[in-house]
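Biologist: I should like to understand how the descriptive words used for a structure are justified. May I put some questions to you about the one before us?

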Amino acid sequence: MHLFDATRRFYGGNAIVAGGLPVAVGLALADHMNARPNVTACIFGDGAMAEGEFHESANLAALWKLPVLFCCENNRYAMGTALAREHAQTDLATRAASYGMIAWAVDGMDVEAVAEATRRAVDEIRGGGGPCFLELRTYRFRAHSMYDPDRYREKSEIEQWKQSDPIPALAGQRWRPDMTKPTAAATAAAPATGAATEGLQTTYREALREAHRDALTRDPRVFLMGEDVGRYGGCFAVSLGLLEEFGPERIRDAPLSESGFTGAGIGAALGGMRPIVEIMTVNFSLLAMDQILNNAATLLHMSGGSCRFRWWCG
Ligand SMILES: Cc1ncc(C[n+]2csc(CCOP(=O)(O)OP(=O)(O)O)c2C)c(N)n1
Ligand SMILES: [Mg+2]
């Protein structure tokens, strides 16, 4: 969980099941906005697919056709809860396909099949069609953790699955995955050219709009993302007119998914962008608290001090 290496685009994980998915969407958004040919792979368990953050992330990635490879390791248990007690639809690939993305179920015990499906999915994503989803059907032989007494399943079930253990099946074969090079770091910031505003009389709305316009004008990495910030002009008309000025890529209407697009903002910032995430009214920010507290606020220590994340609120 504490492995992290931003220089290799490896952004680690955290203790919140599904909490990393919106961040993966944001990293892919940064790549998409910079026309970089990267694919962000995001690996999670079957348990994560019951969380709202999965749904928000799948919808955002498919809606904006982002280069994300969602890899679900379906090992049939979320801690001690069996798949059928966890999900109404246990065919997880079918569920993912309903978001309008390519979704394949793969024998997760077959290393070659997983590698081949991953290659094909990455090719599809690089073709520009948006995200893909792989359900890797596998099994966990051991308990979920050292505290888990493993009382929720029969030993015979485990023994049966061990028949298809991929490690003995691979013994004697030399299998080498292709290694790709890490990508270059983000471009340097443009110098600030703020005009003097001393003595200016204005309204909060106008001042905020001017601050947005100023930031959007002097730094191409800045973009605005939130509910109804575009065509509607913002709930309080702060962003009125900015869509016409800067276009829909940079004045980006987001679906109702506070956790999803706040996390995507964090990911986009990690990917070198300077997102402005607008949450319509302060009470809705509570829905994004997981991303704010468990992701943004922990990145410094989770990355071993390598990711400094600056965050202004107001
Ligand atoms: C949001 C959240 N709720 C609950 C937990 C406690 N928890 C940790 S792992 C886990 C199960 C996750 O299921 P899965 O991803 O399938 O992992 P597996 O049990 O297969 O290792 C739970 C409930 C958590 N870490 N995060
Ligand atoms: Mg699981």
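Modeller: Please do, and bear in mind that this is a predicted model. A suitable place to begin is strand β7, which is mostly covered, since 4 of its 5 residues are buried.

Biologist: What makes a residue of β7 count as buried?

Modeller: A residue is called buried if 20 or more other C-beta atoms lie within 10 Å of its own. In β7, 4 of the 5 residues are buried, and the strand is therefore described as mostly covered.

Biologist: Which strands does β7 stand between in its sheet?

Modeller: The sheet is open and has 3 strands in the order β8-β7-β9, with parallel pairing. The strands at the edges are β8 (251–253) and β9 (274–278), each of which pairs on one side only. Neighbouring strands of this sheet are turned by 20° against each other on average, direction ignored.

Biologist: How do you know that β7 and β9 are paired?

Modeller: Two strands pair if at least two bridges are found between them. Strand β7 (residues 222–226) and β9 have 5 bridges in the parallel sense, and therefore they meet the requirement. Two of the residues of β7 illustrate this: F223 has P275 of β9 as its bridge partner, and G226 has E278 of β9.

Biologist: What joins β7 to β8?

Modeller: These two strands run parallel and are joined by 3 bridges. G226 stands opposite D253 in β8.

Biologist: Which helix packs on the sheet that holds β7 and β9?

Modeller: Helix α10 (residues 258–270) does, touching β7 and β9, and its direction makes about 170° with that of β9.

Biologist: Let us turn to the other sheet. Why are β1 and β5 called edge strands?

Modeller: The sheet is open, its 4 strands lie in the order β1-β2-β6-β5, and the pairing is parallel. β1 (40–45) and β5 (102–107) each have a single partner strand, so one side of each is left without a neighbour in the sheet. The twist from one strand to the next averages 20°.

Biologist: How do you know that β2 and β6 are paired?

Modeller: Strand β2 (residues 68–74) and strand β6 (residues 132–137) share 6 bridges in the parallel sense. At least two are required, and therefore the strands count as paired. In one of these strands, β6, E135 is the bridge partner of C72.

Biologist: Which helices pack on this sheet?

Modeller: Among them is α1, which touches β1 and β2 and whose direction makes about 170° with that of β1. Helix α5 (residues 111–129) also packs there, touching β2, β5 and β6, with its direction at about 170° to that of β6.

Biologist: How do you know that the length of α1 agrees with what a helix should span?

Modeller: Helix α1 (residues 21–33) has 13 residues, which at 1.5 Å a residue should span 18 Å. Its end C-alpha atoms are 18 Å apart, so the two values agree.

Biologist: Why is α1 called largely enclosed?

Modeller: Because 13 of its 13 residues are buried, α1 is largely enclosed by the rest of the structure. Just after α1, A35 takes a positive phi of about 50°.

Biologist: What makes a positive phi worth pointing out?

Modeller: Most residues other than glycine have a negative phi. Here R9, in the segment before α1, has a phi near 60°. D228, in the loop between β7 and α9 (242–246), likewise has a phi near 60°.

Biologist: Why are R9 and D228 called partly exposed?

Modeller: Residues with 20 or more neighbours are buried and those with 12 or fewer are exposed, the rest being partly exposed. R9 has 16 C-beta neighbours inside 10 Å and therefore counts as partly exposed. D228, with 15, also counts as partly exposed.

Biologist: Is L60 buried or exposed?

Modeller: L60, which lies in helix α2 (residues 52–63), has 27 C-beta neighbours inside 10 Å and so counts as buried. Beyond residues up to four places away in sequence, L60 touches V25, P255, S257, G260, F261 and A264.

Biologist: Finally, which residues come nearest to ligand 1?

Modeller: Of the 13 residues around ligand 1, the nearest are V17, G45, G47, A78 and M79. The shell divides into 7 nonpolar, 4 polar and 2 charged residues.

Technical notes
Residues numbered from 1 in each chain as written. Chains lettered and ligands numbered in written order. Predicted model: local features only at pLDDT ≥ 70, side-chain atom pairs only at ≥ 80, totals over all residues. Near = placed C-beta within 6 Å. Nonpolar A, V, L, I, M, F, W, Y, C, P; charged D, E, K, R; others polar. Axes fitted to C-alpha atoms, helices over the stretch in contact; angles between N-to-C directions. Contact = placed C-beta atoms within 7 Å. Expected span 1.5 Å × (residues − 1).
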